Amino acid sequence: MATSAEMSGTVQQIESIIQTIESKIEVSSQQHSPASNSSSTKSEDSGLDDGPKKSVSSAKPISRKSSRMSQSSGVSLPPVLEQLEHMIISDDWLGSETTSPTGLKQHAQVAKTRSREGQKLSELGRTLVTSASLKSYIDLLSSHHRQSIASWLYGNVNHVFSNLFRFTDSQIYCSEPEATISLSMRNGIGHAVKLALKSCYGTDYATKGWKAFVEQGAPVVYVSPALHMDISSYLASEFGISDVTILPKIESDLSEIEGRIDHQQFEKILDEDLAAGKKPLILIGVVGTTILGQNDMISKILEIRENKAKFWLHITGQAIAALTFREPNNILVHVLSQVDSMTFPIALWLGIPSAPVVTLHKSVEGYKASYREKLDSLPWWVASSYLSGKKIVDMIENAFLLSKVMLKGLSAIPEVEIVGVENPVDFANRVYKNKFSAPTVLIFKYNYVSIKNAIQHHKNLIQKNEDHDAISIAEKTLQDELEYGDYLNAWLRDGLLPESLPLGIDTIELGGNYGIAFRFCPLEHAATFSSHIDHVQRFVRKLTDIMRIVESTVAAKLKFSELKDDFPSLVLLPIRNWAGIGAVCYIPSIVKETNPEDWNLIQKQQISHLNLELVHQLKSVDAAFSSGDCTRYGVSCVKFGMLSDVKDLHNLVEMVAQKGKEIENSQQYLDSLADLIRHGIEAANKALREENDQRLQNEGMMRQLPIMGSLVNWWSPLTPESQNIRGRAFNLKTGEMQETDVLFKSKKNSDATPPVTKNETPQVPHEVSSSKHEEEPSSPSSESDVPVAEEAVSSAEEAKPVESS
């Protein structure tokens with residue numbers, strides 16, 4: 001048996017290491033922050049530079065206790081543990097020539113903490129890490145002693161979770177934490193499959209193995225289409241099961257995002273498998289899917305199992321958390337209490353690190369939990385004792401309350417579309433009257449009506465069997481609208497980012513015609529971020545304000561094309577990757593007569609030069625203007641950003657036209673244009689000289705002599721192809737020496753590949769101010785006159801990337 005001193009010393013040493021690592025990470029983060037000016041002191045525990053005493057004094061009681069005990073007892077870390085400590089704290093040894101622990105410098109100052117920067121274990125998290133280490137210590141005890149400890153822990157945790165989830169006469173299984181939640185969940189599902197094999201094949205499976213499959217029929221596993229996890233290869237390698245059937249979805253508008261089990265089709269598949277001599281083993285259903293929060297119809301599946309064939313029914317999903325309510329839904333409890341097993345990531349719901357995924361299952365004849373499986377419940381014994389059942393229920397109910405408040409707030413914003421909810425106002429009212437449970441996840445986005453109209457128009461053309469050209473045009477229009485809708489939601493994401501962080505809201509790609517949307521799942525984030533109702537209310541208020549800007553921008557985009565007749569000097573250009581109103585290009589009078597499709601390289605340079613100067617002056621008046629590249633014509637253009645009031649659109653376009661005219665008539669622009677033409681002439685002359693020299697070199701020296709050249713030309717005359725003579729024309733407007741060969745000219749223009757414009761829509765909307773416009777000087781300023789600081793800010797704003805989902 002372990003003595004009290006041995007156990008105390010082990011716990012003190014583990015807690016000392018954790019405490020030192022935490023303080024090291026904290027002081028390293030402070031030293032690398034710009035505002036850090038704290039000094040470092042020596043740690044009596046490890047000899048490494050420690051953080052400020054403030055971090056030690058603000059630690060939890062268990063940490064203070066361990067620190068005092070460590071100092072008083074004189075516990076010191078062996079060199080090997082100091083090396084391990086350094087490897088955990090810092091990653092400066094990664095990628096170095098010597099990556100071996102023995103090559104590390106001891107007592108080195110910590111330089112990098114990217115692996116856990118900004119993260120600190122809570123008191124519960126630190127205790128769980130310590131308890132996980134104590135599992136190895138318990139293994140050193142005598143057989144009877146450790147078996148007794150494991151059985152006592154297992155029985156205690158089993159009693160807590162059975163009562164908490166109202167799953168009576170059940171046993172608990174704790175999956176070891178894996179790299180991801182999905183892998184940990186997969187281990188829990190694998191345990192359910194193992195139990196199903198024991199229940200279905202009896203003792204034959206334990207004694208005969210795969211031969212039991214031959215004698216009694218091959219097992220078949222049925223998987224819900226809402227289970228976002230590939231378990232086929234896992235089941236084949238672990239249990240030798242090759243028949244894994246992904247069940248068909250119920251056909252609906254949302255089935256392309258996430259589907260539910262079509263129980264009628266499942267019944268047909270079940271009959272076919274039974275007729276083929278196969279043995280239905282297990283069905284894995286989902287209640288509370290991760291995207292839409294939908295439920296498989298478990299009650300229908302239970303009826304099929306009662307009438308057709310016995311098989312194991314396993315469930316997973318976020319709706320299982322609703323079983324812990326103080327007053328749960330009676331129907332939910334009645335239905336889910338009839339399943340055979342359930343797996344759920346309650347550690348994620350409670351924000352607990354290093355805790356296993358839990359599986360509850362009914363008792364199976366011939367199965368008894370092993371010593372290791374019982375001991376794996378130690379972290380949950382610590383967590384349930386620390387939190388208590390009441391606090392666990394409070395945390396889960398708080399997550400559902402946040403979902404309810406968010407639903408109410410989103411339903412009050414007409415511009416917001418909640419995916420999967422047809423009437424948000426009516427649904428929210430029913431949730432608040434407790435007629436429906438609050439959704440476990442909310443998917444919402446900007447309700448861009450043009451997308452729905454484009455989808456309907458495309459469907460109508462297909463149903464009417466219209467010609468292929470009309471359908472192609474409709475598809476192109478639909479893709480453009482989908483792309484613009486995605487960039488609107490991406491702009492919303494960037495504007496809402498500060499209010500989204502405390503709630504864990506993120507964007508996801510739904511696929512199909514749904515594009516980008518926001519995902520709010522308080523069960524996964526509320527406990528970790530300590531989210532509360534004030535966070536939700538602030539987010540809804542910010543969303544309401546910013547949604548007005550989006551609505552004004554969309555309305556202005558529809559009217560944008562109507563203004564082109566009022567301003568003939570402006571041309572509307574197609575622009576991609578942009579959430580703003582659109583883009584225009586000011587066309588100088590020198591190239592106004594030329595069709596945009598026929599612009600040559602010099603003309604494109606002139607247009608781009610003027611428009612870049614135009615953007616430079618507009619940004620000094622309104623920061624929402626920016627420059628861009630039109631991928632269709634290969635010229636620079638003026639991009640309009642978001643607009644807070646659609647009434648200001650005409651004034652904005654008028655300001656662009658006036659500024660462009662002022663620049664075009666200014667002496668500076670004329671000088672720069674003349675300089676551009678002069679360079680064009682010099683380049684054309686140089687090209688002519690090089691071509692003439694090349695021609696003389698090809699003809700040879702003999703043809704250049706007065707008498708000998710005539711004789712050679714008479715004896716071997718030159719063909720027109722060998723002479724390589726092309727007609728030339730000099731364009732005074734563009735300063736370009738052009739060849740008269742139309743085909744050559746067309747080929748040259750088709751080789752241009754303009755760059756792709758990034759989505760850099762500014763967050764600041766247009767603010768039309770007549771006073772600013774009047775105070776702005778009419779003569780343009782050169783780039784050299786711009787202050788360096790202003791240039792840096794301007795270029796930084798233009799180069800700022802927008803994250804895509």
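Biologist: Which residues does Trp380 touch, not counting residues up to four places away in sequence?
Modeller: Contact here means heavy atoms within 4.5 Å. With residues up to four places away in sequence left out, Trp380 touches Val157, Phe161, Cys174, Ile346, Ala347, Leu350, Ile352, Ala355, Pro356 and Val358.

Biologist: What kind of model is this, and from which number are residues counted?
Modeller: This is a predicted model: local features need pLDDT of at least 70, side-chain atom pairs count only at pLDDT 80 or more, and totals for chains, interfaces and linings use all residues. Side-chain values use heavy atoms, without hydrogens and water, and along each chain, as its sequence is written, residues are numbered from 1.

Biologist: Which residues have the most contacts inside the largest nonpolar core?
Modeller: A nonpolar core is a set of buried Ala, Val, Leu, Ile, Met, Phe, Trp, Tyr and Cys residues joined through side-chain atoms within 4.5 Å. Buried means under 20% relative accessible area, exposed means over 50%, and partly exposed lies in between (1.4 Å probe, protein chains only). The largest core has 145 residues. Those with the most contacts inside it are Phe161, Phe165, Phe344, Ile346, Trp380, Met406 and Leu543.

Biologist: Which helix gives the largest share of this core?
Modeller: Helices (H or I, at least four residues) and strands (E, at least two) are DSSP runs, numbered from the N terminus. The largest share of this core is 15 residues. They come from residues 378-411, helix H16.

Biologist: Why does this core lie between two domains, and which ones?
Modeller: The bounds come from an automatic or database domain assignment. Both domains give residues to this core, so it lies between domain 1 (175-367) and domain 2 (397-552).

Biologist: How many residues are in the other core?
Modeller: It lies apart from the largest one. Leu563, Val615, Leu618 and Ile663 are among its members. Its total is 24 residues.

Biologist: Asp486 is buried, so how far away is the nearest side chain of opposite charge?
Modeller: Asp486 sits in helix H19 (residues 468-500). Lys and Arg count as positive, Asp and Glu as negative; His and the chain ends are not counted. A salt bridge needs a side-chain nitrogen of Lys or Arg within 4 Å of a carboxyl oxygen of Asp or Glu. Asp486 has none, and the nearest side chain of opposite charge, Lys445, is away by 5.4 Å.

Biologist: Which backbone nitrogen does the side chain of Asp486 reach?
Modeller: Leaving aside neighbours within four places in sequence, Asp486 is in contact with Gly515 and Ile516. At 2.9 Å, its side chain reaches the backbone nitrogen of Ile516.

Biologist: How many residues apart in sequence are the parts tied together by Glu373 and Lys194?
Modeller: Their side chains meet in a salt bridge (3.7 Å, N to O). Glu373 counts as buried at 13% relative accessibility, and Lys194 as partly exposed at 28%. Glu373 lies in helix H15 (residues 371-375) and Lys194 in helix H7 (residues 181-201), so the parts that the pair ties together are apart by 179 residues.

Biologist: Is Glu215, the salt-bridge partner of Lys208, buried or exposed?
Modeller: Lys208 lies in helix H8 (residues 203-208) and is partly exposed at 36%. The closest N and O atoms of its salt bridge with Glu215 are 3.1 Å apart. At a relative accessible area of 51%, Glu215 is exposed.

Biologist: Which residues share a salt-bridge network with Asp394 and Lys390?
Modeller: Asp394 and Lys390 are 4 residues apart in helix H16, about one helical turn. Their side chains meet in a salt bridge (3.2 Å, N to O). Asp394 is partly exposed at 30%, while Lys390 is exposed at 57%. Salt bridges with shared partners join this pair into one network with Arg326 and Glu397.

Biologist: Which helix holds Ser388, with its positive phi?
Modeller: Phi of Ser388 is near 75 degrees, a positive value in a residue other than glycine. Ser388 is partly exposed at 33%. Its place is in helix H16.

Biologist: What do the buried residues of H20 pack against?
Modeller: H20 spans residues 522-529, with Pro522, Leu523, Glu524 and Ala526 buried. These pack against helix H14 (346-350), H16 and strand S13 (516-520).

Biologist: What is the phi of Ser530?
Modeller: Ser530 is in the loop between H20 and helix H21 (533-560). It is not a glycine, yet its phi is positive, at about 55 degrees.

Definitions and conventions: A polar contact is a pair of N or O atoms within 3.5 Å; within protein, one must be able to donate a hydrogen and the other to accept it, and residues adjacent in sequence count only if both atoms are side-chain atoms.
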